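Okay, thanks for making time, everyone. I'd like to walk you through one structure today, so let me get it up on the screen.

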Amino acid sequence: MQYFTQKQAELFILDYMIAKRLIGTKQTTFDNMVRHVPASDSKIVKEALEELIRKGFISTKRKHYGVHISLIPRRLEDIRDYIKAISS
């Protein structure tokens with residue numbers, strides 16, 4: 001049973017990253033973001049993360065043990081506008 005749609009997953013990811021202040025140099029792993037949702041929604045969250053990376057809201061940094069992600073500081077205003085557009 002799936003709880004998230006693509007847009008809801010994007011909203012969850014952005015809200016979580018802003019709340020935890022994962023901006024700029026403070027990062028989390030790609031896999032950690034997927035662990036915060038039920039297993040049935042993990043595929044949707046992975047797709048949503050990849051879409052946010054393509055949109056330029058999230059930056060990636062490759063490490064030897066995985067990929068780290070964080071919000072791009074200069075895009076915070078655009079991210080907040082995007083959140084408002086999705087949630088309304």
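**From the loop inwards**

Let's start in the loop between α1 and β1, which is where R21 sits. Keep in mind while you look that this is a predicted model. I picked R21 because its phi is near 55°, a positive value, and this is not a glycine. Is R21 buried or exposed? Exposed: its relative accessible area is 63%, and the cut-off for that label is over 50%.

Next, the strands. What order do they come in across the sheet? It goes β1-β3-β2, three strands in an open sheet, with antiparallel pairing. On the edges you have β1, residues 28-29, and β2, residues 58-63, each with a partner on one side only.

Take the β1 side to begin with. β1 pairs with β3, residues 66-71, in the antiparallel sense, and there are two bridges in that pairing. T28 has I69 of β3 as its bridge partner, and T29 stands opposite H68, also in β3.

Let me stay on T28 for a moment, since it's a strand β1 residue with a fair bit to look at. Why does T28 count as buried? Because its relative accessibility is 13%, and buried means under 20%. If you leave out its neighbours within four places in sequence, T28 touches L22, M33, V67, H68 and I69. As for α1, here's one distance to try on the screen: T28 to I13 is 12 Å between C-alpha atoms, with the two positions 15 residues apart along the chain.

Now over to the other edge. How many bridges join β2 to β3? Six, and the two strands run antiparallel. They form a hairpin, with two residues between the strands. For the register, T60 stands opposite I69 in β3, while K63 stands opposite G66. And yes, you've heard I69 before: it's the bridge partner of T28, and on the β2 side it has T60 across from it.

R62 is in strand β2 too. With a relative accessible area of 68%, R62 is exposed. One pair to find here is R62 and T29, which are 33 residues apart along the chain but have their C-alpha atoms 9.6 Å apart.

A quick general reminder while the sheet is up: side chains in a regular strand alternate between the sheet's two faces.

**Helix α1 and what it packs on**

Right, on to the helices. α1 lies across β2 and β3, and it runs at about 80° to β3. So what else does α1 meet? I have two helices to show you.

The first is α3, residues 42-55. The axes of α1 and α3 come within 9 Å and cross at roughly 70°. That makes the two helices roughly perpendicular to each other. From α1, the contact uses Q6, K7, A9, E10, I13 and L14; from α3, it uses I44, V45, E47, A48, L49, E51, L52 and K55. Sort the residues of that α1 and α3 contact by class and you get eight nonpolar, one polar and five charged.

The second is α4. Here α1, residues 6-19, and α4, residues 76-87, have axes that come within 10 Å, with a crossing angle of roughly 140°. So α1 is oblique to α4. Which hand is the crossing, left or right? Left-handed, where α1 passes α4. On the α1 side the contact residues are K7, E10, L11, L14, D15 and I18, and they meet I79, Y82, I83, I86 and S87 of α4. For that α1 and α4 contact the split is seven nonpolar, one polar and three charged.

If you hold the two lists together, K7, E10 and L14 turn up in the contact with α3 and again in the contact with α4.

Last stop, D78, which is in helix α4. D78 is partly exposed, with a relative accessible area of 35%. Compare its position with H68: the two are 10 residues apart in sequence, and 21 Å apart C-alpha to C-alpha. H68, remember, is the residue in β3 that T29 stands opposite.

That's my tour. Happy to rotate the model to whatever you'd like to see.

Definitions and conventions
Residues numbered from 1 in each chain as written. Heavy atoms only, no water. Axes fitted to C-alpha atoms, helices over the stretch in contact; angles between N-to-C directions. Helix = DSSP H or I, 4+ residues; strand = E, 2+ residues; numbered from the N terminus. Parallel < 35°, antiparallel > 145°, perpendicular 65-115°, else oblique. Left-handed = near helix turned anticlockwise from the far one by under 90°. Contact = heavy atoms within 4.5 Å. Nonpolar A, V, L, I, M, F, W, Y, C, P; charged D, E, K, R; others polar. Pairing = 2+ DSSP bridges. Buried < 20%, exposed > 50% of the residue type's maximum accessible area, 1.4 Å probe, protein only.
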